[in-house]
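Hi,

Here's the structure I promised to pass on to you. Have it open while you read, and I'll walk you through what turned up.

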Amino acid sequence: MNIEKSGFSTKLIHAGEIEDQFGSATVPIYQTSTFAFSSADEGAKCFAGESNGYIYTRIGNPTIDALERQIAVLENGFGGIAVGSGMAAVNVIYQTLLASGDHIVSTDAVYGPSRAIMENHYPKYGVESSYINTTDASLIEKSFKPNTKVLFIETPANPTMDITDIAACAEIAHKHGALLVVDNTFCSPYLQNPLDLGADIVFHSMTKFINGHADIVAGIVIAKEESVYKKLRGMMISMGCNMDPHQAYMVLRGVKTLSIRIDRANENAEKIASFLESHPKVAWIKYPGLKSHPQYELGKRQMSGNGSMISFGLKNGFEGAKKLMDNVHLALLAVSLGGVETLIQHPASMTHSKVSKEGKIKAGITDDLIRFAVGIEDAADIIEDLRQGLEKV
Ligand code: LCS
């Protein structure tokens, strides 16, 4: 059967399959660092790229390959490069696409460390950056300079839930000879496919929805074109930030249930968002499924579901946020997202604490912002947990 033409859930179960001599139903863990060549000639051919044989796990490994093929199929890309974490994916992209004298334009509310490393460490390599509100296409256009090589967006953004128009960004980037990179972590390939909307590279922290069980840290970069893929892979091999075969096996196991996990989490999130929206102690809420979201229409156009991430603030601000976080019991007070369990956290003092004060204010990462990552428990129990927590506020 042609797996690329099959439905999304069929791809989840079968796109990562490999054939082995035993007919294994799941991909075995090839827990080996190196592979023996059948002859000296064969070894030389592997290194020359004239044979597909495996050489060394930092370069390639059957278990990791299976995962890379699977996620590349889900994102309709040429190929995937699996790495040890989402931040390794970010750095493989920065290192591959940017050189001294180059400039990058990026969403101001990206995941804190994606921005902090660019602003705090890349200037020493001569790389300039502009962090802007990418929901405003005219601002993107104005921020481009002759040396802008990359437009790097995250949509929906962590933690403001701002939605950026991927197709419009692709048009602007390409007009200026730059590449568009999209962090698709908040949606996963199930809800949004940036490469189909014109992006050149899409990446994920697979720590989140793709693995989905809060037991693995992992990342992946997927390129649309072979030439870009080859450059990214070469950089990953040189940086040595490859994934481990056991880690790949765990993600292959987790991803099989991606669509049913996300359907359930989204269903819960919609109920929780309407509970919060009508709660008298809630000052504001940002959730793509609510008509009050400033980019509601755009979200409906480019995402096939509303996701399970909610940001909100209480009328008594930071004090209220702290009280709520200290008084919920079912939701874990923990960073991360996209797992089966519900999590609550405070971005200004936690995930985005390394972003400068002015950067946070400009990006809308206010002190009152509470980020709620909805899991797949019973919606009634999550709502009851919030209700009793809000009573203490
Ligand atoms: N991109 C996004 C949108 C993320 O949310 C994260 C991690 C990363 C990249 C980096 O991935 P990692 O290296 O952690 O696999 N986000 C986290 C968060 O919001 N809380 O804890 C980690």
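Let's start at the ligand: one of its nitrogen atoms is 2.6 Å from an N or O atom in the side chain of D183. Keep in mind that this is a predicted model, so every number here is computed from predicted coordinates.

Two other contacts are worth finding on your screen. R371 puts a polar side-chain atom 2.6 Å from an oxygen atom of the ligand. With G86 the backbone does the job: a backbone N or O atom of G86 sits 2.9 Å from an oxygen atom of the ligand. On its own the ligand has 480 Å² of accessible area, and the protein covers 93% of that.

Now zoom out a bit. The ligand is surrounded by 17 residues, and the closest are D183, S205, T207, S336 and R371. Sorted by class, that shell has eight polar, five nonpolar and four charged residues. The space the ligand takes up is the second largest pocket.

Where does the ligand lie relative to the domains? Domain 1 (3–255) and domain 2 (258–391) both give residues to its shell, so the ligand lies between them.

Finally, some backbone oddities to look up. The loop between β4 (148–154) and α7 (166–175) holds P156, and P159 is in that loop too. The peptide bond from T155 to P156 is cis, with omega near -10°, and the one joining N158 and P159 is also cis, with omega about 10°. Over in the loop between α3 (62–74) and β1 (79–83) you'll find N76, a residue other than glycine with a positive phi, near 55°.

Have fun exploring!

Conventions:
Residues are numbered from 1 along each chain as its sequence is written. This is a predicted model: local features need pLDDT of at least 70, side-chain atom pairs count only at pLDDT 80 or more; totals for chains, interfaces and linings use all residues. Side-chain values use heavy atoms; hydrogens and water are left out. A residue is near a molecule or strand if one of its heavy atoms lies within 4 Å of it. A polar contact is a pair of N or O atoms within 3.5 Å; within protein, one must be able to donate a hydrogen and the other to accept it, and residues adjacent in sequence count only if both atoms are side-chain atoms. Accessible areas come from the Shrake-Rupley method with a 1.4 Å probe; for residues, only the protein chains shown count as cover. On a 1 Å grid over the protein atoms alone, a cavity is a set of points where a 1.4 Å probe fits but cannot get out, and a pocket is an open set with protein on both sides within 12 Å along at least five of seven lines; lining residues have an atom within 4 Å of a point. A molecule sits in a cavity or pocket if more than half of its atoms lie within 2 Å of its grid points. Ala, Val, Leu, Ile, Met, Phe, Trp, Tyr, Cys and Pro count as nonpolar, Asp, Glu, Lys and Arg as charged, and the others, Gly among them, as polar. Domain bounds come from an automatic or database domain assignment. Helices (H or I, at least four residues) and strands (E, at least two) are DSSP runs, numbered from the N terminus.
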